[in-house]
Amino acid sequence: MDIEEVYESSKELLNASGKEGSDTEPILETEEIGSTSVKNANEVLTKFRAIIAEYLQGDTVLDGLDDVTKGVLGSYSLAGYLDYAIPSGKEIVVTKLLQHCCFQLQDFLRVSDGICYAHEEATTAVVQLIQMQLLNLYPKYSTQGYEALYSCPPTIYISPLCIPSLANAVCKKLGFPSSCVKVMKMNGHDLKKMEKSLQEDLAAKRVPLMIIASCGSHHSGQVDNLVGVSQLSQRFNAWFHLEGHLISHLSLHDQPKKTLQVADSLHLDLRQLLGIPSLPYVTMYRHCEIALQRAAYLTPSHCSPFSVVPLWFALQNLDSTTISNRFRSAVELSRMLINRLVTIPNIQIMSHVPKTIKPSSSTELKDTLTEDLESVQLGEVVDSKGDEISEVRKIVEEIGDLPERNESPMEDDGVTNVRDDDAELCDNEKTKPEVLMDSIVPVVVFQYRPKAKEIGECPGNLLDDLNLWLVQVLERACEEIHMDIIDIDDSGYALRFSPYDCKSFPTVDNLQKFLENLDQQLEILNATVDHKKTLNKIIEVSGGELQLVELPGWAGLGGVRYLPAAWRSNNTEQLPDQGKEEINRINRELVAKLKETDSAFSLGEGRDGLSCVRFGMVVAITDVEALANLVRQTGLDLEASTLALETMAVMIRKGIEEAQAELQRETEEKLWQEGLLRHIPVVGSLVNYFSPPQKTSIKGRCLNLQNGRIEKSDVMIHSVPVEEASDALNNQEMPLVANEEINDAPHE
């Protein structure tokens, strides 16, 4: 089987996998290999599909795949073919393929030189770069291991915007203690704290090894101060590693000097940027000594064919124009959304906003941007102490000779050593970090926040509930625009949009439809928050009949509980169980009654576990006072009807007791009149035989509901002889304890 057959059979397998239950011809016939029988490929594929279907529960993953994606997925078969057919020379083939990919990426990102390393895990290249730096700064590290680091331990600085598991992965894979990895913010005034920490490291004979920053977090859309961080890395001779969405923006800007680079190494998530699954991560780093690269397993020959071959296929099938258009479309969609959001007073943008975009009148956002602008001007801080590099070298010289860093450090944006090159540029020409800081991250995170006066009146986690409701409504209204809900420290839930996360890349029309729906839902949110104050005032003057209820997880107008007159209390938790049951009963009946007129009412439950009437979202024209009065009046009517029923029940109970007492008294009088001998079992039969009893009857009693009095009725009650009662029991008939005669009819 040649390469074409392997590739075509893999694509045919993908096409067959996308057709559930279709009758396809066998891809491979059953054949004998030695003594082993190979099963029909369709049978194996059916079993594999059944296992996946059990996990997917009916969803499909192969629908809508384009030819490029199918080609990349099919290239894994060629990678297996390469690994099997050329076991001895596959490193040469992989190296050549990766060199082609590296040239394309360098030209595309306008990077002068560097080496590409493809890897499956996001943290693999970072760990190996740290190992390369350890071998560079600690010559005895290859033989002594961690003992070589004991006297001058290294320090690695990681931004919290980077990969969440990066710090733990570094400590786990390198065996470093947690004190060697510092997670610090690298934006605003936090840069001064980072500079102070770096100076303390030098004073404590610790070596700043690497600084890892983010230029556009995929989670929050925030950006570290790239200008300040790159200057600090040059000042303290630390390796500068960069990751994030804005790396792709290097292809969208024409730089005045192509040799000026942005960092020592760049991390690319191509499966996210290109929208092709199964692509590997790519890390580009500047040229170092070949011996260090080999010792750290960072050479192209150490890459797996299953990483390089799909990457090569993807870059061969996609030209630079197609990729640039995808990046540019993502930027324009994000710019369009940001331009609309900055005009909405109740929206606060939590992600990165370039200086070129004027924010709204939100004072908090202006203060944040002011801090960022001040921190960018870090030249006076960076130039204040320029001899830290020599101090680092002096510290490490206690272990061994520190090699000179005379390679072009992917010459970091013209800072420190490359500062002379920047001085030659015109003042209006920006370095790459400055260009990236002025770019738009294709991840927009925003939060709905009422006005400052209204925030203090919102109970509990109402802001989170409002934003949760907003993202759910927007998802239903515009399915083309995918929105996530994320939790931001100290700010609560926020909405997140990224064009790369949508099932299909959205268009401008899709985003325009989304913005129209956003305006409509924001009007509802504003009206609901405004009417909450009206509802609170109505509850305060209700005289204790209505009680405001805090409903966790409910973004509507709120909850109201009607309290019966007998159980009105500000602290319902201290009420007895009887009172709680009565409150729950009347509020359940109240909701059922209100639903007959309006389905907007629903049954809720407060934190105390008691039922209440729940109001949903309202619009500006909603009459909240009328709604509250409707609940109050309906509750009073239910309570009045319940009280009338209870009064009638008490009256009936007393009437029954009086009737029973009168009937018992008349029965006793009749007993005395007839004589006691007639009621003795043996003697009574003889007495009744010789002296038959007279037929007597007792008038029944009835309750007059109008005046509540017990009156005698025309219903006659008389006893049944014992013999007739025993016969009825023997015949399994219903026993007759009493018989009724109406209008004194003769007994038969």
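The following paragraphs describe two open sheets and the helices that pack on them. The structure is a predicted model, in which local features need pLDDT of at least 70, side-chain atom pairs count only at pLDDT 80 or more, and totals for chains, interfaces and linings use all residues. Residues are numbered from 1 along each chain as its sequence is written, and side-chain values use heavy atoms, with hydrogens and water left out.

One open sheet holds 7 strands in the order β3-β9-β8-β7-β6-β4-β5, with mixed pairing. Strands (E, at least two residues) and helices (H or I, at least four) are DSSP runs numbered from the N terminus, and two strands pair if DSSP finds at least two bridges between them. At the edges stand β3 (115-119) and β5 (181-183), each with a single partner strand, so one side of each lacks a neighbour in the sheet. From one strand to the next, the twist averages 20°; axes are lines fitted to C-alpha atoms, for helices over the stretch in contact, and angles run from 0 to 180 degrees between N-to-C directions. Strand β4 (residues 154-158) runs parallel to β5 and is joined to β5 by 3 bridges; Y157 stands opposite K182 in β5. Helix α4 (residues 90-109) packs on this sheet, touching β3, β8 (265-269) and β9 (281-285), and its direction makes about 115° with that of β3. Contact means heavy atoms within 4.5 Å.

A further open sheet has 4 strands in the order β14-β15-β17-β16, with antiparallel pairing. Its twist averages 45° from one strand to the next. Helix α21 (residues 508-540) packs on the sheet, touching β14 and β15 (558-562).
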